[in-house]
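Welcome, and please open your viewer for a short walk through this model. We will begin with the whole chain and then stop at a few places along the way.

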Amino acid sequence: MALRCLLQSSTTSSYFCSFATFSSAFATSKIWGIRMHGTKAAASVVEEHVPGVEREDEEYADVDWDNLGFSLVRTDYMFATRSCIDGNFEQGCLSRYGSIELNPAAGILNYGQGLIEGMKAYRGEDGRVLLFRPELNAMRMKQGAERMCMHSPSVQQFMKGVKQTVLANRRWVPPPGKGSLYLRPLLFGSGASLGVAAAPEYTFLVFGSPVQNYFKEGTAALNLYVEEVIPRAYIGGTGGVKAISNYGPVLEVMKRAKTRGFSDVLYLDAETGKNIEEVSASNIFLVKGNTIVTPATNGTILGGITRKSVIEIALDLGYKVEERRVPVEELKEAREVFCTGTAIGIASVGSITFQNTRTEYKVGDGLVTQQLRSILVGIQTGSIQDTKDWTLQIA
């Protein structure tokens, strides 16, 4: 069985999950969907395996690209492959989404083992379709799987699945400047297991949905709330792994923060409760003069690919970058604060509230945050020469 789970709305606890079963030779496949609201479940998706794209795609799908938003948009195809008993993954296939129909049956899934990556495909001004540093996502999934004692696809298999998914859904890659195709490579244990025992096999899926640019012109900067009580993984836990099970407590705390008017949550380290760690699934940076400070990725912090790229850009521009423990009191010393992540790219932080004290930061043009964002976006979309070979042209 295979799982697909997407947050359906930022304001509700609604998820779309789909289960896929595959024959050993991948001659056929079916996608089974289940929509969950609390403990209720209904709806499924059924479709046969499609060996390849058999029609000439239009240049673009029939979508209002100017009002795309971030809700799930079902594209044409997803990629799936499954490991054999010996841990080797079978030849993957593209599956086409089908119609929705009711299905009272429910599948059983090993929820404890799962890794998820996030990446984007962009369309350049010349019509090219570009991926941003996909090999790093492939290596991170492989390393995370090893840490969790899971079988994983090779870097080559990961890259193939991502490329095939994007190429099959090329018409869903937004026009230049309108957004991107957000990709979710997902690896999880499938088959029956007891307790925390390793699953007998693993399933690798790649699916995508077009999304708008995270920040349109004029969108307000983030206002963060420092959470002090959420339990976090200690050193020696699953730090550095984007595990499915990690998201439960994070989503709960985010929900509480949003009801109080905050846009996201800044977490402190679980070991001491004195140092800033990360913003939900994003990394955080403090700008102090010519120095940019960010928490080191030792222990529980995931080393984001956007984070790594921004650090390299900052160093090239002559800034000093410090990766170290950052005491929460140091928030008062920063001139600018920004977050990095696959979805947001680089997002300005307007304020941070800690123990009922609000600290505000400079936002707008002419600042370090805007300088780094412009260069990053330029490289990702091909409008700036990529001297580092970070982007991969696939179409």
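Show the surface of the protein chain: about 18,100 Å² is exposed, and carbon and sulfur atoms supply 52% of that area. Keep in mind that this is a predicted model. Of the chain's 395 residues, 52% count as buried.

Now switch to a cartoon view. You will find five helices and 24 strands in the protein chain. How do the contacts run along the sequence? Among contacts between residues at least 6 apart in sequence, 67% join residues at least 24 apart.

**First stop: two helices**

Select residues 134-147, which form helix H1, and residues 155-168, which form helix H2. The axes of H1 and H2 come within 9 Å and cross at roughly 130°. Because of that angle, H1 counts as oblique to H2. The crossing of H1 past H2 is right-handed.

Next, show the side chains where the helices meet. On H1, pick Pro134, Glu135, Asn137, Ala138, Met139, Met141 and Lys142; on H2, pick Val155, Phe158 and Met159. What kinds of residues make up this contact of H1 with H2? Seven are nonpolar, one is polar and two are charged.

**Second stop: Ser180**

Move on to strand S13, residues 180-190, where you will find Ser180. Is Ser180 buried or exposed? Its relative accessibility is 2%, so Ser180 counts as buried. To see what surrounds Ser180, select Lys120, Ala121, Tyr122, Pro174, Ser209, Pro210 and Val211; Ser180 touches each of these, leaving aside residues up to four places away in sequence.

**Third stop: Glu330**

Go to the loop between strand S20 (320-324) and strand S21, and select Glu330 there. With 9% relative accessibility, Glu330 counts as buried, because the cut-off for buried is under 20%. Which residues does Glu330 touch, not counting those up to four places away in sequence? They are Leu286, Lys288, Val293 and Arg324. Now add Asn275 to your selection: Glu330 and Asn275 are 55 residues apart in sequence, with their C-alpha atoms 9.1 Å apart in space.

**Last stop: Ile344**

Finally, follow the chain to the loop between strand S21 (336-341) and strand S22 (345-354), where Ile344 lies. Ile344 has 15% relative accessibility and therefore counts as buried. Try a distance label from Ile344 to Ser282: the two are 62 residues apart in sequence and 8.5 Å apart in space, C-alpha to C-alpha.

Note on methods:
Residues numbered from 1 in each chain as written. Predicted model: local features only at pLDDT ≥ 70, side-chain atom pairs only at ≥ 80, totals over all residues. Heavy atoms only, no water. Helix = DSSP H or I, 4+ residues; strand = E, 2+ residues; numbered from the N terminus. Buried < 20%, exposed > 50% of the residue type's maximum accessible area, 1.4 Å probe, protein only. Contact = heavy atoms within 4.5 Å. Axes fitted to C-alpha atoms, helices over the stretch in contact; angles between N-to-C directions. Parallel < 35°, antiparallel > 145°, perpendicular 65-115°, else oblique. Left-handed = near helix turned anticlockwise from the far one by under 90°. Nonpolar A, V, L, I, M, F, W, Y, C, P; charged D, E, K, R; others polar. Areas by Shrake-Rupley, 256 points an atom, 1.4 Å probe, with all protein chains shown as cover.
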